[in-house]
Amino acid sequence: RQTKMKKIFLFIIILIISCSEDNKSCETFLDCLDGTYWSSEDNASIWRFFNDKNGVYMDVHVNQGGCYIYEDNNMVGASFKFQTKKNLSEDYAGYNWLYTIVNDSLIEKTMSAGGNTYYFIKRDKTFFNEILDLGTCN
């Protein structure tokens, strides 16, 4: 009887551990989007996010019609402000920008003071590789 109870108890413990590992979720915007690919609405650029708020947390490859230009947040002088699970805030070009996860396949980028709003659509790495195949602009 004790052996049967030990087996049941062990089974429950294993089940709890395996379920808790499966349900791990991201905690911040950059954690949730780490390594993902996003394109502008007009497909002229591919954006990537990285879970590194103190380093390169975002980069972009802009299609210039036959080649691409690479930029990251440090190169353009953007500075990380804060993040939640759904939002990231940065200062760039004298404005505060807010990125919001709308759903699994859409990010909204808005100027905090109002005005410009942009949308980014989730893409796979194949789409990203098509821009890389163009080669860098000189």
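Hi everyone. Before we start, a definition: when I say strand, I mean a run of at least two residues that DSSP marks E, and strands are numbered from the N terminus. A residue counts as lining a pocket if it has an atom within 4 Å of one of the pocket's grid points. And please keep in mind that this is a predicted model.

Let's begin with the pockets. The largest pocket has a volume of about 410 Å³. Of the 22 residues that line this pocket, Ser45, Trp47, Val60, Lys109 and Phe120 are the closest to its centre. Which strand gives the largest share of the lining? That is β3, with 4 residues. If you want to find the walls on your screen, look for β2 (45–49), β3 (58–63), β4 (68–72), β6 (87–92) and β9 (117–123), each of which supplies at least two lining residues. For the chemistry, the lining of the largest pocket divides into 12 nonpolar, 3 polar and 7 charged residues.

Now the second largest pocket, with a volume of about 160 Å³. Its lining includes Cys26, Cys32, Leu33 and Trp38, along with Lys85, Lys86 and Lys122. Here α2 (29–33) and β7 (95–103) each supply at least two of the lining residues. By class, the lining of the second largest pocket has 5 nonpolar, 1 polar and 4 charged residues.

Back to β2, for two residues I'd like to show you. Ser45, which we just met among the residues closest to the centre of the largest pocket, lies in this strand. Is Ser45 buried or exposed? Its relative accessible area is 8%, so Ser45 is buried. The side chain of Ser45 makes a polar contact with the side chain of Trp47, at 2.9 Å. Further along the chain, and leaving aside neighbours within four places in sequence, the contacts of Ser45 include Trp38, Val60, His61 and Ile131.

The other residue is Arg48, also found in β2. With a relative accessible area of 18%, Arg48 falls under the 20% cut-off, so this arginine counts as buried. What does its side chain meet in there? It makes a polar contact with the side chain of Asp59, at 2.5 Å. Again leaving aside neighbours within four places in sequence, Arg48 is in contact with Thr36, Tyr37, Tyr57, Met58, Asp59, His61 and Phe128.

Phe128 brings us to helix α3, residues 125–132, where the buried residues are Phe127, Phe128 and Ile131. Looking down the axis of α3, you'd see these buried residues within an arc of 100 degrees, so they line one face of the helix. As a reminder, an α-helix has 3.6 residues a turn, so residues three or four places apart point the same way. The cover over the buried residues of α3 includes β1 (37–40), β2, β3, β4 and β9. At the start of α3, have a look at Asp124: one of its side-chain oxygens comes to within 3.1 Å of the backbone nitrogen of Thr126.

Last stop: Cys137, in the segment after α3. This cysteine counts as partly exposed, at 25% relative accessibility. How many residues separate Cys137 from Tyr68 along the chain? They are 69 residues apart, yet their C-alpha atoms are separated by 5.5 Å. Beyond its neighbours within four places in sequence, Cys137 is in contact with Gln64, Cys67, Tyr68 and Ile69.

That's my tour, thanks for listening!

Notes:
Residues numbered from 1 in each chain as written. Predicted model: local features only at pLDDT ≥ 70, side-chain atom pairs only at ≥ 80, totals over all residues. Heavy atoms only, no water. 1 Å grid on protein atoms, 1.4 Å probe; cavity = no way out; pocket = protein on both sides within 12 Å on 5 of 7 lines; lining within 4 Å. Points joined across faces, edges and corners; volume = space filled by probe spheres on them. Nonpolar A, V, L, I, M, F, W, Y, C, P; charged D, E, K, R; others polar. Buried < 20%, exposed > 50% of the residue type's maximum accessible area, 1.4 Å probe, protein only. Polar contact = N/O pair within 3.5 Å; in protein donor to acceptor, adjacent residues only side chain to side chain. Contact = heavy atoms within 4.5 Å. Arc of directions from axis to C-beta.
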